[in-house]
Amino acid sequence: MNGSISFRCALSTLCFGSLLGGSTLAAGQREAVVFDVPAVVIAQPVNPQVVSAPTMGGRLLRLKIPVSTFISPEFAGAVSEYCIELDSTGQTMRVVDFWPKNETYSQYEGTVKVEASRHKDEQFNFSLAAAYPTVGQASARGEYRNQFEVQESYQRRPPMQTLTSSGTIRQGFGVMYKFRPGPVDVLEGAREIAVLVEVSPDWRADLLKVHMTAAGISGGASERPQLLGRSQLWITTYQEGDAEAAAQALAYVRQERSLRGLAASRQREIQQRSLPTIWHKVGAALEMVDSRIPADYLASVLFGPASPQFDRGTQRLPVDMRVAILDYWEARSQLMHLSQASAPSVKNAVAALDR
């Protein structure tokens, strides 16, 4: 009986390891690195007169985002790289600038002095009698020696290693950062990133998708780099001083948390609906049978497009879950509506093309 219970628990972990939209690590593998970002970030206006980068006539806003990383105390390996990506999925926020920029470091201070020397010693001995023994008894010996030494001294730049690299992605509607350990191996804690974006004149609020990964060596027998942690989250942002947009952003955050909480509390029932019999569990574990409810259904709901028809088997979810999903999509749509108004300059350009 105990063996049967253990077998069922193992199948449950295997089939529903990604139920709450988390990492796609191997089954049974715990995340060594966990990420976190704030749910709401205030977009601060920036005077365009102090920005040298070209703009398209929109407003400039600055977002300061603290990113926190936590390494599990049981982790015995080494983290080699963090990667953070910010994406304006609706292409409503164009990246103008970003911080931090590319950073490098070296173990040496200043330039490196290089000294090299070459020494050559040429020596030649000859004996005429040894070379021509038939030439009587006379003999002749000689010796030739030549020595020279060259010393060179010059300076060169010390070897550099990359500490931080960053750049735009998604054709300028996103930005990525990569952080690597430096001379002092500190990758845990909080670090701040900042983005300068351009939005339309009537932009009020928006959503930024954040994708964070950690890579390194797990500390086991294998020394090959592997995924140590992965998180995907939404950041809600609104214009500083806009109380109505702030209320809409907070309403979205509450709706998302409510959906996640309900999914966690109904996990056992959802699992039973997905794999109702032991044969379904065995078939799913052997990849012979698909789950009736996708294991990543929540990630699809949170980050995918709204689909009121509940495709891919999510129509089998409990009624209260389906209602919560519809409420979430409505809250997300209302917030995104505050970001998608067209700028007058864009309207004028389109009208000019139609003439």
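The dialogue below asks how the names given to parts of this structure are earned.

Author: Welcome! This is a predicted model, in which local features need pLDDT of at least 70 and side-chain atom pairs count only at pLDDT 80 or more, while totals for chains, interfaces and linings use all residues. Residues are numbered from 1 along each chain as its sequence is written, and side-chain values use heavy atoms, with hydrogens and water left out.

Reader: What makes Arg94 and Glu198 a salt bridge?

Author: A salt bridge is a side-chain nitrogen of Lys or Arg within 4 Å of a carboxyl oxygen of Asp or Glu. The closest N and O atoms of Arg94 and Glu198 are 2.6 Å apart, so the pair meets that cut-off. The two residues come from distant parts of the chain, 104 residues apart: Arg94 is in strand β5 (residues 94-99) and Glu198 in strand β11 (residues 189-199). Strands and helices here are DSSP runs numbered from the N terminus, with at least two residues (E) for a strand and at least four (H or I) for a helix.

Reader: Why is Glu198 called buried, and what is Arg94 called?

Author: Buried means under 20% relative accessible area, exposed means over 50%, and partly exposed is in between (1.4 Å probe, protein chains only). Glu198 has 6% relative accessibility and therefore counts as buried. Arg94, at 21%, counts as partly exposed.

Reader: How many salt bridges does a search of the whole structure find?

Author: The search finds 10. One of them joins Glu244 to Arg204, with the closest N and O atoms 3.3 Å apart. This pair also links distant parts of the chain, 40 residues apart, with Glu244 in helix α3 (residues 243-265) and Arg204 in the loop between β11 and β12 (205-217). Glu244 is exposed because its relative accessibility is 56%, while Arg204, at 25%, is partly exposed. In another salt bridge, the side chains of Arg266 and Glu269 meet at 2.2 Å, N to O. There is also a network of salt bridges linking Glu85, Asp87 and Arg170.

Reader: How do you know that Arg332 has no salt bridge?

Author: The nearest side chain of opposite charge, Glu256, is 8.9 Å away. For charge, Lys and Arg count as positive and Asp and Glu as negative, with His and the chain ends not counted. The cut-off for a salt bridge is 4 Å, so Glu256, at 8.9 Å from Arg332, does not qualify. Arg332, a buried residue, lies in helix α7 (residues 319-337).

Reader: What does the side chain of Arg332 reach?

Author: It reaches the backbone oxygen of Gly304 at 2.8 Å. That fits a polar contact, a pair of N or O atoms within 3.5 Å (within protein, one must be able to donate a hydrogen and the other to accept it, and residues adjacent in sequence count only if both atoms are side-chain atoms).

Reader: What makes Thr92 buried, and which side chain does it join in a polar contact?

Author: Thr92 has a relative accessible area of 15%, so it is buried. Its side chain joins that of Asp206 in a polar contact of 2.4 Å. Thr92 lies in the loop between β4 (78-87) and β5.

Reader: Why is Trp329 called buried, and what does it touch?

Author: Trp329 is buried because its relative accessible area is 9%. Like Arg332, Trp329 is found in helix α7. Not counting residues up to four places away in sequence, Trp329 touches Val301, Pro305, Ala306, Ser307 and Pro308, where contact means heavy atoms within 4.5 Å. A polar atom of the Trp329 side chain lies 3.1 Å from the backbone oxygen of Val301.

Reader: How do you know that the span of α3 agrees with what is expected?

Author: The expected span is 1.5 Å times one less than the number of residues in the helix. The 23 residues of α3 should therefore span 33 Å, and its end C-alpha atoms are 33 Å apart, which agrees. Buried residues of α3 include Ala245, Tyr252 and Glu256.

Reader: What makes β3 and β11 a pair?

Author: Two strands pair if DSSP finds at least two bridges between them. There are 11 bridges joining β3 to β11, which run antiparallel, so the requirement is met. One bridge partner of β3 in β11 is Glu192, which stands opposite Pro66. Strand β3 (residues 59-71) also pairs with strand β1 (residues 33-36) in the antiparallel sense over 4 bridges.
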